[in-house]
Amino acid sequence: MTAIGQALSRVDGRLKVTGAARYTADVPVADAVHAAIVHSTIARGRTVSIDTAAAGAAPGVLALFTHRNMPRMNPTPKPWSHLHPHGQSYLPLQDDEIHYAGQPIAVVVAKTLDQATHAGTLIEVAYDAHQPVVFGPQTAMEAVDPPQFLWPVASSVGDADKAIASAAVRIERIYATPDRHHNQMEPHATTAVWDADGTLTLYETTQHIFGAKELLAIVLGLPTEKINVVSHFLGGGFGGKAYVWPHTLLAALAAKVLDRPVRLQLTRAQMYSMVGHQAATIQTIALGADKNGKLLGIRHESISPTPVFDSYIEYAALATRSLWGASGGIATNHRIVHVNRNTPTAMRAPHEALGHFALESAMDELAYETGVDPVALRLLNDTAIDPLSGRPFSTRAMRQCLTEGAARFGWEKRARQPRSMRDGRYLIGQGMAGAIYTHWRWPAKARVTLGSDGSALVEAGMHDIGTGTYTVMQQVAADALGLAPEKVTVRLGDTRLPASHAAIGSATMANAGAAVLLAAKAAREKAMALANDKVNIGYAELLVRHGLSSLEAEADYDPVEEANGPKAIFSFAAVFAEVRVDPELGLVRLSRFVGAYDAGRIINPKTARSQAIGGIIWGVGQALFEQSETDPVLGRFLHRNTSGYLVPTNADIPELETLFVGEFDEEASPLGAKGLGELTAVSVAPAIVNAVYHATGKRVRDLPITIEKLL
Ligand code: MOS
């Protein structure tokens with residue numbers, strides 16, 4: 001029996017539930033002192049004076065930093081790159097300018113965290129506030145085309161406008177998504193330790209240890225070999241910990257000046273301004289179809305806010321380029337408005353989860369307009385060729401997702417008309433949506449060492465961000481080596497291990513996993529060569545016979561980038577939601593959910609299902625609860641904790657059904673796996689929106705679906 005395909009429980013499960021797993025701020029560091037950040041209360045202007053006299057005299061204070069004495073940093077590199085990724089380009093405490101509310105303006109270091117926090121409250125700041133303050137897409141002046149960030153901002157295949165103009169059925173709608181925050185359970189934290197030889201070790205809450213290392217080397221002006229970054233466990237990354245945020249730079253420099261380890265953990269309140277968020281979008285979709293629902297043209301445009309000093313964009317229309325075929329053409333574009341805000345960042349299937357809300361809502365509107373069943377409409381517009389690149393898909397089990405998902409859900413029993421299904425006082429609604437998710441191919445390294453005790457050690461500079469990486473890597477190596485999984489130990493999360501990519505984009509299994517597979521195969525081949533192919537003996541005996549204490553092999557997985565390969569590689573899904581709506585109270589309850597996923601080969605059905613459950617719950621949050629509110633005068637995010645920022649709780653989530661219908665995809669990865677985690681968050685919101693329309697006859701085009709929108 002192979003380890004791959006088995007529903008193994010997480011190897012680190014016991015550590016986590018017993019509290020033995022050490023998260024970043026738990027790592028004990030001798031003599032560490034504590035830093036607290038003081039923030040700007042205005043959103044635009046400059047500081048005129050910062051009086052630190054009282055704070056400096058407060059008990060326990062060791063050092064105080066403002067823009068006057070914080071060591072200078074090198075500018076963040078342009079263009080932005082995953083290889084040296086900064087969260088925002090404006091660097092903290094380098095000048096007196098204020099670009100957003102909550103910007104750091106001082107850092108206090110003291111013996112205890114309480115002393116540092118208290119001293120921070122004694123700092124007196126005078127501002128020169130400037131007007132106007134702009135903070136949202138609705139209040140900003142003018143939308144502009146941003147420079148290319150990750151992908152080209154615009155795409156055009158065929159002539160979408162002409163196709164739409166001549167279509168028998170046309171849908172043109174505007175959809176909006178709100179600002180949201182990641183709200184991971186574990187706040188961001190850094191402990192910076194400088195050794196006597198000038199080596200910086202950072203214990204860091206990060207999804208990208210090597211990216212943090214490269215970025216810090218540039219900004220601090222250090223050789224990369226003088227930096228180690230460590231992250232063994234993460235209490236939620238969600239994209240918010242993919243890049244380096246200002247507090248990490250402040251901690252590193254404060255520790256250097258003080259020549260003592262400095263720990264800086266963001267408070268829950270600081271999580272709303274010191275690190276990124278998901279920016280609101282305003283999306284315009286136009287669909288043109290024939291009277292049977294066959295798509296002729298699609299146009300999808302999005303506007304999202306970004307700070308005055310950056311050009312981060314949400315590529316909300318990205319997935320529209322490849323999800324459905326449209327014979328006349330598909331055009332997409334993205335624009336930004338510059339606002340007095342900190343820089344947004346990737347969050348929980350960033351681009352796709354936003355864009356699918358608009359596209360799959362519009363598809364539902366088209367289904368009602370044409371009288372075609374929503375599942376049948378998707379089957380009709382399924383495509384074997386990626387409309388954007390013209391390449392065939394490596395694998396695309398969209399048809400299976402749609403048909404098997406519909407069968408499991410019991411879609412054929414659905415009455416077509418809105419407000420036609422009831423259970424007592426409750427309106428019942430059933431909705432669905434299709435989904436596509438980008439597949440990344442990135443280089444990764446790994447090392448596998450066989451021990452003379454018959455064990456194996458896997459080492460990779462990858463992360464377990466809570467998804468089960470320690471477990472699935474063990475399964476991959478066990479099979480390649482022909483060992484039982486419990487004989488394999490996995491080490492991750494340290495830049496002193498073989499270099500790997502960021503734990504983002506749902507790419508870990510397919511890429512870092514492939515490196516582990518290749519390293520384990522290489523170790524096995526070395527052992528076979530030693531054994532001379534003659535005798536059938538175990539690794540332990542083989543090593544002892546040859547007087548070896550260990551046998552080591554490394555692998556360097558270096559795939560062709562997806563964009564340059566012969567096939568278009570994506571993951572796919574179809575999801576089905578049932579809601580019960582109380583028509584008098586406007587309350588929506590999700591009552592059933594079925595997700596059918598094509599993520600290639602599934603390595604571990606248990607961790608895969610666990611990821612899907614998490615993704616679906618993210619989507620329920622997007623549909624029904626989450627929005628970050630702004631003070632309309634001061635431009636501040638109003639949230640200081642999760643008491644007013646709603647997220648789903650157990651009572652909001654019914655039994656979730658998940659089906660994996662994908663097959664081995666050799667183009668995606670030697671493991672046959674495609675991206676899974678974030679795929680499962682995509683299209684949950686439109687499925688729920690479509691179900692709410694089916695229940696109530698009310699079409700909600702701005703998320704979340706709050707009570708007042710249904711009354
Ligand atoms: Mo994910 S938002 O790519 O960490």
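**Salt bridges in a predicted model**

R173, D364, E365, R699 and R701 are tied together in a network of salt bridges (a salt bridge is a side-chain nitrogen of Lys or Arg within 4 Å of a carboxyl oxygen of Asp or Glu). This is a predicted model, where local features need pLDDT of at least 70, side-chain atom pairs count only at pLDDT 80 or more, and totals for chains, interfaces and linings use all residues. Residues are numbered from 1 along each chain as its sequence is written, and side-chain values use heavy atoms, with hydrogens and water left out.

Me: How many salt bridges does a search of the whole structure find?
Reply: Side chains of opposite charge can pair when their charged atoms come close. Searching the whole structure for such salt bridges gives a total of 30.

Me: Is R447, the salt-bridge partner of E554, buried or exposed?
Reply: The E554 and R447 side chains meet at 2.9 Å, N to O. They link distant parts of the chain, with E554 in strand β21 (residues 550-557) and R447 in strand β18 (residues 444-451) (strands are DSSP runs of E, at least two residues, numbered from the N terminus). Buried means under 20% relative accessible area, exposed over 50%, and partly exposed in between, using a 1.4 Å probe and protein chains only. R447 has 17% relative accessibility, so R447 counts as buried.

Me: How many residues apart are D96 and R46?
Reply: Their side chains form a salt bridge at 3.1 Å, N to O. D96 sits in the loop between β3 (61-65) and β4 (97-98), while R46 is in strand β2 (residues 45-51), so the pair links distant parts of the chain. The separation is 50 residues.

Terms used:
Helix = DSSP H or I, 4+ residues; strand = E, 2+ residues; numbered from the N terminus.
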